[in-house]
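Good morning, colleagues. Please turn to the sequence and the structure that I now bring up.

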Amino acid sequence: MIRRLKPAYALYNFFKKSELEHNVSLYEKYKLNKKYYSSISSADFEHLDKGQSHLKDLTTEELKSSPYFSKLSNEYQDAMLDWSDNGYVVLRDFLNAEQVQQVNDEVERLLVNKEIEAKYGGTKIMFSFRISDIIKNIGEDEQLKNILHLLLNRKVDLFQSINFIPPSRQRTHSDSIHMSTYPYGGMVAVWIALEDVTVDQGPLHYYPGSHKLPYVMNKDYNNHGNALTLGKKTYKDYEDHIAKLIEEKQLEKKVFLAKKGDLLIWHANLLHGGEPAEPNVTRKSLVFHYYAKDVICYHEVTQRPTLKPKN
Ligand SMILES: O=C(O)CCC(=O)C(=O)O
């Protein structure tokens, strides 16, 4: 029960002022009666101007006419044409074999030294970029960040990294339920293969065009809660809701059989997940999540503002 009590989170947040101040000027901008430690969720934005509730998605015409686009290789330009209609971009061979080996060696070293550990059932190594320059430099790569800036029409800040060694086997979801923003759409993710991935290894899957569906938030699966408590639904309820939506809309799934070094960028609202996998296989990969600048950053399920360490 304590995990559902909003005042318990607010108390925890109270002592994290420096990591939560990033939202304060935006609460003022949108005239939200919130302190840095207050709980926050999509319900707090419902009364605001609907016309401004989403970052405007870039059209293909806007993409093509941007000066940075013309500086990219023909291959990258072609890949980026998927963004507007399909909500993803695949950049092949973004890392070369030597860079991939460096990351894999680094993860191995950090694990052996117990500087990182795999959580969430042994699948996810969180935030390795905070202690590894090798990993951070990839997430902060200038060309990559310029591409993300172009796609979102906003500069982005690297927020989180996740290393996977076994496959995620994660059911289909949109990251906007986890890393939520106001206006909607102020998040973007990058997935990089750190080995060649076959169908047996639980490849990443995604649903092209699903980013255009309405964002699924607490109210859409009856998980509102009230002023004092979070909603009672489980994460499985959310995943079931998404599975039903995919069925109803007859969405078409794509499976990413990546070669090591290949990279996929997905939109904040693109439905994606990990395919089932054979037992005891690896599927080494690295995910980076970025928030756009000047958006309210929070977590819809737990209704908490995002903790962002000051750089
Ligand atoms: O790597 C995967 O299979 C999925 C990762 C994912 O969904 C995420 O990091 O948001």
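Which N or O side-chain atom lies 2.5 Å from an oxygen atom of the ligand? The side chain of Ser168 provides that atom. I should say at once that this is a predicted model, in which local features need pLDDT of at least 70 and side-chain atom pairs count only at pLDDT 80 or more, while totals for chains, interfaces and linings use all residues. Residues are numbered from 1 along each chain as its sequence is written, and side-chain values use heavy atoms, with hydrogens and water left out.

His173 also places a polar side-chain atom 3.0 Å from a ligand oxygen, and a polar side-chain atom of His272 lies 3.0 Å from an oxygen of the ligand. The ligand, taken alone, exposes 300 Å², of which the protein buries 98% (areas by the Shrake-Rupley method with a 1.4 Å probe).

In total, 15 residues surround the ligand (a residue is near if one of its heavy atoms lies within 4 Å). Among the closest are Asp175 and Arg283. By class, this shell holds six nonpolar, seven polar and two charged residues (Asp, Glu, Lys and Arg count as charged; Ala, Val, Leu, Ile, Met, Phe, Trp, Tyr, Cys and Pro as nonpolar; the others, Gly among them, as polar). Strand E10 gives the most to the shell, with three residues (strands are DSSP runs of at least two residues, numbered from the N terminus).

I turn lastly to a sheet. Strands E5, E12 and E13 form an open antiparallel sheet in that order (two strands pair if DSSP finds at least two bridges between them). E5 and E13 each have a single partner strand, so one side of each is left without a neighbour in the sheet.

Conventions. Polar contact = N/O pair within 3.5 Å; in protein donor to acceptor, adjacent residues only side chain to side chain. Helix = DSSP H or I, 4+ residues; strand = E, 2+ residues; numbered from the N terminus.
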